[in-house]
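Hi everyone, thanks for making time this morning. Let me put the structure up on the screen, and then we can walk through it together.

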Amino acid sequence: MTQLTIENLNYTSDDARLLKDINISHKNNGITAIIGANGAGKSLLLSILHGLIAPTSGRVAWDGASATKGKNTRGYVFQKPIILRRSVRDNLAYPLKVQNHPKTGQAEAIDQMLELSQLSHLADQPAASLSGGEAQRMTIARALITQPKTLLLDEPCSNLDPASTKLIENMIHSFVAGDGSVYISTHDMAQAKRLSNVVFFLEAGQLLEHKAAKDFFAAPTTREGRAYLNGDL
Amino acid sequence: MRFMLTFCLLTLSSMVQAEDKFITIASTTSTQNSGLYDYLLPQFTADTGIGVRVVAVGTGQAIKIAKNGDADVLLVHHRPSEDAFVENGYGIERRDVMYNDFVIVGPKGKASFESLENALTTFASTEDYAFVSRGDDSGTHKRERELWATFNLSPQGKWYREIGAGMGAALNMSASIDAYTMSDRGTWLSFGNKGQLGIIIQGDDILFNPYGIILVNPEKHPHVKISMARQFSDWIVSDKAQSIIGAFSVNGMQLFCPNANPEDNINVVCPSSIPRTD
Amino acid sequence: MSILGEAIDLVLSADAELGGIVGLSLRVSLTATLIASILAIPLGAALAVWNFRFRQVLIVISTSLMALPPVVVGLMIYLLLSRAGPLGSYGILFTPMAMIIAQSVLIFPIVLALTREAILPINRDYKNLLDALNVTPVQRLKTLIWDARFAIVTALLAGFGRALAEVGAVIIVGGNIAGFTRVMTTTIALETSKGNLQLALALGIILLSIAFAINILIHWISSFGRKYQVTR
């Protein structure tokens with residue numbers, strides 16, 4: 001189980017304080033939803049959690065190690081799928097190659113991931129030919145293939161139809177079933193409700209609520225939380 | 001990647017070794033373009049096993065190449081420059097090799113001139129005839145400038161075109177614009193694109209065109225292959241090579257007259273059109 | 001058009017000497033392309049990816065080098081390799097090696113600029129993913145070069161074409177020595193100066209055919225590359 005620690009996290013850009021004094025100590029093997037209105041700072045927080053962006057001040061640590069380290073133990077999925085100009089199979093093989101995984105068993109791992117993402121029939125197509133939903137499934141499979149402990153997903157289902165969203169949620173569930181922990185930012189409240197057991201609720205760069213999902217959705221403690229659930233934010 | 005590197009190394013090494021017994025001659029385009037070297041040099045290589053690499057440029061540039069030590073032998077045709085080259089310590093052991101002459105070529109039947117002086121004076125005074133000058137500091141160019149000076153003429157104007165190019169380019173241009181130009185006889189005879197051009201003036205003593213061979217001074221450039229160079233120099237003035245030079249012809253016309261040993265009777269009859277100034 | 005007819009006859013009846021000239025042309029230009037690309041591809045990729053010191057200076061220098069006439073490049077290499085020059089003691093002036101060096105210098109900025117251009121958009125696409133996967137700098141370059149390979153091969157062919165068609169530099173540093181440093185373009189120059197327009201044109205036809213083949217290849221490779229390109 002991974003321990004996430006965020007201490008006094010601030011992020012300022014061009015005098016705008018995009019994240020303000022965030023403190024979290026969190027251990028979760030399930031799915032944590034980072035929710036909030038557009039511009040609340042969800043994606044930024046997720047980037048900082050993976051060490052892609054350095055905070056202006058404060059500290060982020062996974063099991064005590066700085067977020068800039070141990071990227072290999074986490075998988076990261078971007079809102080807009082980043083597709084390597086290769087076949088689907090070679091896209092999945094890529095992280096194994098650059099992270100120097102042993103050659104043996106790679107082919108089997110890739111086949112397994114192709115099956116999980118239901119892309120086996122497209123394995124040898126150029127990844128560029130995939131539809132939006134297929135491409136996002138591929139990038140999730142690519143993030144999972146190195147068997148990370150943690151999966152970070154930045155609005156993976158925005159712009160996808162319900163069927164594609166369902167397939168992606170199945171992939172997320174199967175990862176959690178294998179003892180992985182997931183952090184997913186989403187502005188889709190229904191999705192957050194369906195998936196998460198813990199919620200980080202952000203508003204205007206501040207962490208307003210951090211609690212069990214069922215508690216948040218039943219009775220948010222802040223005015224902003226209530227407004228968000230009512231669709232007023 | 002490994003394949004690429006291997007390929008590179010193989011190609012490079014194959015290029016470096018090639019032949020190691022060779023000399024480099026800085027020479028003029030006139031000798032090269034006539035085809036003389038293709039005819040003459042294989043016989044030297046057959047006799048001695050020494051390869052000859054000819055860098056054919058204008059006399060001015062050939063002398064610069066030799067001054068820099070980038071050649072072992074100099075074979076050019078401008079006596080004052082050759083003498084200066086030796087006097088300044090860059091070269092040693094100058095010898096006469098052969099000669100031919102310069103001719104004035106131009107559009108056939110356009111005009112006739114009674115003499116070289118008459119032709120040049122007419123060109124310069126009427127400005128009705130285009131004249132193409134090499135303008136490239138070559139031996140031919142230097143000699144052409146000297147011709148005008150001899151008759152106290154200073155050519156300038158639209159009719160006098162300095163093109164800064166080789167003999168072939170000057171002939172090609174003359175053929176295409178019906179202009180006059182001065183060429184060495186060898187290049188002229190072997191030139192393949194004569195068009196309407198023909199010889200207009202020839203036979204004047206002043207048009208004598210001798211070629212000399214000079215060894216690059218090993219005291220200036222210790223790396224020059226002096227013994228092989230000397231072997232070449234000795235060979236080219238030998239009776240055998242002199243006969244070959246005399247026998248070389250293009251379209252039945254003899255191009256060069258050997259004159260390394262004028263006192264020897266080497267059985268070469270030079271055409272009467274080529275003047276001798278002994 | 002009798003000159004053209006004779007020229008085509010000459011091409012068809014190609015003799016050993018002509019074969020040697022064409023062969024040397026290809027050998028020199030291919031080697032120069034390989035040498036230039038070994039240096040220019042990684043550097044071009046690095047220029048596309050990182051904003052290091054002297055980056056702008058390098059870009060400006062390489063762009064300017066592209067505008068240099070081959071004669072000037074030839075002259076620079078000549079002065080360098082001449083016995084009177086700093087590298088004179090190696091004695092490589094008037095050898096195929098000197099021609100390879102001159103052509104490498106000519107090709108280098110082309111391959112550098114085209115590689116950089118090919119990799120810029122791919123780097124823009126990939127940057128976040130490569131950051132997220134924490135790839136090493138070397139892996140980053142290898143990934144980008146590999147996925148830009150179609151465009152880069154096109155760049156190499158463009159460089160090869162320029163080298164093959166170039167006459168100004170190789171005639172100065174090679175000396176156009178018969179059977180040793182005489183290539184297609186210098187032969188064309190020589191035969192034109194001798195008024196042998198048929199032979200010059202025959203070589204021109206061969207050169208044109210090679211250029212044509214290269215361009216077909218470029219076209220074919222780019223169409224292959226487009227398949228993998230994300231258009232979304």
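To get us going: how many residues of chain C are in contact with chain B, and how many of chain B with chain C? Keep in mind while you look that this is a predicted model. The count is 24 residues from chain C, and they meet 29 residues of chain B. On the chain C side, the elements that supply at least two residues each are α2 (16-49), α5 and α9 (184-193). Helix α2(C) gives the most to this side, with four residues. If you sort the chain C side by class, you get eleven nonpolar, ten polar and three charged residues.

Now turn to the other neighbour, chain A. Here 16 residues of chain C are in contact with 15 residues of chain A. On the chain C side, two or more residues come from each of α5 (96-132) and α6 (137-147). The top contributor to this side is α5(C), with six residues. The classes on this side of chain C are seven nonpolar, five polar and four charged. So please keep an eye on α5 of chain C: α5 is listed for the side that touches chain B, and α5 is listed again for the side that touches chain A.

Let me stay with chain C for a moment and describe the chain itself. What does its secondary structure consist of? Chain C has ten helices and zero strands, and from the N terminus on you simply read α ten times in a row. The C-alpha trace spans about 65 × 45 × 25 Å along its principal axes. Chain C has 232 residues, and 50% of them count as buried. As for its contacts, take those with a separation of 6 or more: 79% of them join residues 24 or more positions apart.

Next, chain A, where I would like to show you a sheet. Four strands of chain A make up an open sheet with antiparallel pairing, and the order is β2-β1-β4-β5. Which strands stand at the edges? They are β2 (16-27) and β5 (65-66) of chain A; each has a single partner strand, so one side of each is left without a neighbour in the sheet. As general background, strands of a sheet pair through backbone hydrogen bonds, either parallel or antiparallel. If you zoom in on β1 (residues 3-13) of chain A, you will find that β1 and β2(A) pair in the antiparallel sense over eight bridges. One residue pair to look for is A:T12, whose bridge partner in β2(A) is A:R17.

Still in chain A, have a look at A:A54, in the loop between α1 (42-49) and β4 (57-62). A:A54 has 13 C-beta neighbours inside 10 Å, so this residue counts as partly exposed. The C-alpha atoms of A:A54 and A:N10 are 9.9 Å apart, with their positions 44 residues apart in sequence.

A quick word on backbone angles. Most residues other than glycine have a negative phi. Against that background, A:N100 has a positive phi, near 50°. You will find A:N100 in the loop between α2 (88-98) and α3 (106-116) of chain A. Is A:N100 buried or exposed? It has 10 other C-beta atoms within 10 Å, and A:N100 is therefore exposed.

There is another one in chain B: B:D137, with a positive phi of about 60° although it is not a glycine. B:D137 is in the loop between β5 (131-133) and α7 (139-150) of chain B. With 17 other C-beta atoms within 10 Å, B:D137 is partly exposed.

Finally, the layout of chain B. The domain assignment gives domain 1 (21-100 + 210-258) and domain 2 (101-207). Their C-alpha centres lie 26 Å apart, and the contact takes 21 residues from domain 1 and 17 residues from domain 2. On the domain 1 side, α2 (29-34) and α4 (59-67) of chain B are the elements that give two or more residues. The largest share there, five residues, comes from α2(B). By class, that side of domain 1 has six nonpolar and 15 polar residues, and no charged ones.

That is my tour, and I am happy to rotate the view to any part you would like to see again.

Definitions and conventions. Residues numbered from 1 in each chain as written. Chains lettered and ligands numbered in written order. Predicted model: local features only at pLDDT ≥ 70, side-chain atom pairs only at ≥ 80, totals over all residues. Pairing = 2+ DSSP bridges. Contact = placed C-beta atoms within 7 Å. Nonpolar A, V, L, I, M, F, W, Y, C, P; charged D, E, K, R; others polar. Buried ≥ 20, exposed ≤ 12 C-beta atoms within 10 Å, placed from the backbone. Domains from an automatic or database assignment.
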